[in-house]
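Here is a set of questions and answers about one protein model. Please look through the sequence and the structure before reading on.

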Amino acid sequence: MFIKKCLNPTKLVKFLNNSKVLLTFFLLFIFQKNSIANECLIKKELNIGLIENNYIDYKYYLYYVLGEYSLINDIEFTISEVNQNANEFDIIFGEFRDLAKLSLNQTQVPNKVLNFYNDNEVEVIGNIFPLDLDTFILLSQDDYEKLNFEEFSELYNPIKYTLGMSFKTKEDIINLIIYHLEQPSINVNSLSFELTADLFSKTYQNLNKNIVNNNFLEVFNSYENSENVYTLFSDGILLNKNIEFSSFQLFPKSKYIWDSDEGVFKKSIDSKPLSFYGFSAYLNNSQGSGLLCYLIGEEVRLKAFRDFNIQLSPLSINEVRGIEDDLPNNYKKILENKNKNVLKPNYSLENKNYDLFSGLIFGKYKYDDIIDNQDYLN
């Protein structure tokens, strides 16, 4: 009765046919929109930004990889330093900690990119895509057995420094301390920090002080010149085709760990490869997502690890399956675990006490001398 009142049979058939057309058009629109969103889009003129740092220079790697990408896709690009003009760039590259200071926004991300991070079990935060996941290793041109931090702090060689490393970047030192504490923040009043500070202070006595304020290439030259028993790097150094080494290990941690429940130090069973996001990409414009798709390609990634001495480290063992047989077994174990222990420190908070951290490590003062000064610690 309702149909008879509202529409005659001819009009009803016409109505249903029109509805099918509209529904088909709507579904095609949705499908097309989702297809575009899931594609790697190629923008013909890319404006690339770079937030530079004073330790590693990424420019020559970016110029090379963008040059290859532009030849393949017939595009043009520019690379400029970011200076209060982040919105002008399609993609910005830099250290994760610097990119995290920018306003996070939502961009359409291709399935290829999402699958890449899912396969490596790495979290994507907003529109920042990590291309580097670092953990700390000690590299040596001599063959040494694995040490704990107590043994390492007492290591002495009559003709070489025990350790070569740089204090040039505050954030890397904060990472190093957090790495040893195995906590996301630094509590200077904790017994764990006291133990760590004491071991660093002992290690500093035989530190190569000629390179403590130098950049990465100068630290690398120190390693090549065999100035140190051990030199501190991130694990990506192991994949560089020109690196020569006899032994390496995760930067050793103390053989003791504080058990807050029982109020005692206990022997540590395992040394976890805690890691930190390094070189990353900030996708500001989804139209430039094709470059991100290119950068995560297997051959492009392997070339970055092997041919460029900028310490880019794989996100997981999954990235190096193609060369897995060529890797040392103890490095494969690191790669299997480091993406399970990623820390993101609050650098603005930790920087407030940086003078304290560095002062303890450099031997400017001792822990017992400053622990009673609560105003300083607060």
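Buried means under 20% relative accessible area, exposed means over 50%, and partly exposed lies in between, with a 1.4 Å probe and protein chains only as cover. This is a predicted model, in which local features need pLDDT of at least 70 and side-chain atom pairs count only at pLDDT 80 or more, while totals for chains, interfaces and linings use all residues. Residues are numbered from 1 along each chain as its sequence is written, and side-chain values use heavy atoms, with hydrogens and water left out.

Q: Is K333 buried or exposed, and what is its relative accessible area?
A: K333 is found in helix 12 (residues 329–337), where helices (H or I, at least four residues) and strands (E, at least two) are DSSP runs numbered from the N terminus. The relative accessible area places K333 in the exposed class, at 57%.

Q: What distance separates the C-alpha atoms of K333 and I317?
A: K333 and I317 are 16 residues apart along the chain. The separation of their C-alpha atoms is 8.4 Å.

Q: Which residues form a disulfide?
A: A disulfide is taken here as a pair of cysteine sulfur atoms within 2.5 Å, and a search of the whole structure finds one. The sulfur atoms of the pair are 2.1 Å apart, and the residues are C40 and C293.

Q: How many residues apart are C40 and C293, which the disulfide links?
A: C40 and C293 form a disulfide. The pair links distant parts of the chain, with C40 in the loop between helix 2 (9–37) and strand 1 (45–50) and C293 in helix 10 (residues 289–295). C40 is partly exposed at 29% relative accessible area, whereas C293 is buried at 3%. Along the chain, the residues apart number 253.

Q: Why is the disulfide of C40 and C293 given a hand, and which hand is it?
A: The hand follows from the torsion about the S-S bond of C40 and C293. That torsion is about -85 degrees, so the disulfide is left-handed.

Q: How many bridges join strand 1 to strand 2, and which residue in strand 2 stands opposite G49?
A: Two strands pair if DSSP finds at least two bridges between them. Strand 1 and strand 2 (residues 76–81) run parallel and are joined by six bridges. Opposite G49, in strand 2, stands S80.

Q: Through which helix does the chain cross from strand 1 to strand 2?
A: This β-α-β crossover is right-handed, a term used if, with the strands pointing away from the viewer, the path from the first strand over the helix to the second runs clockwise. The chain crosses from strand 1 to strand 2 through helix 3 (residues 59–73).

Q: What is the bridge partner of I48 in strand 3?
A: Strand 1 and strand 3 (residues 91–95) run parallel, with three bridges joining them. In strand 3, the bridge partner of I48 is I91.

Q: How far apart are the closest N and O atoms of K101 and D98?
A: A salt bridge is a side-chain nitrogen of Lys or Arg within 4 Å of a carboxyl oxygen of Asp or Glu, and a search of the whole structure finds 15 salt bridges. One of them joins K101 and D98; K101 is exposed at 65%, while D98 counts as buried at 15% relative accessibility. Their closest N and O atoms are apart by 3.6 Å.

Q: Which residue meets E123 in a salt bridge?
A: The N to O distance of this salt bridge is 3.8 Å, and the partner of E123 is K344. The pair links distant parts of the chain, 221 residues apart, with E123 in the loop between helix 5 (111–119) and strand 4 (128–130) and its partner in the loop between helix 12 and helix 13 (347–350). E123 counts as partly exposed at 47% relative accessibility, and, at 42%, so does the partner, K344.

Q: What is the phi of E182, which is not a glycine?
A: Most residues other than glycine have a negative phi. E182 lies in the loop between helix 7 and helix 8 and forms a salt bridge with K253, the closest N and O atoms being 2.9 Å apart. The phi of E182 is positive, at about 55 degrees.
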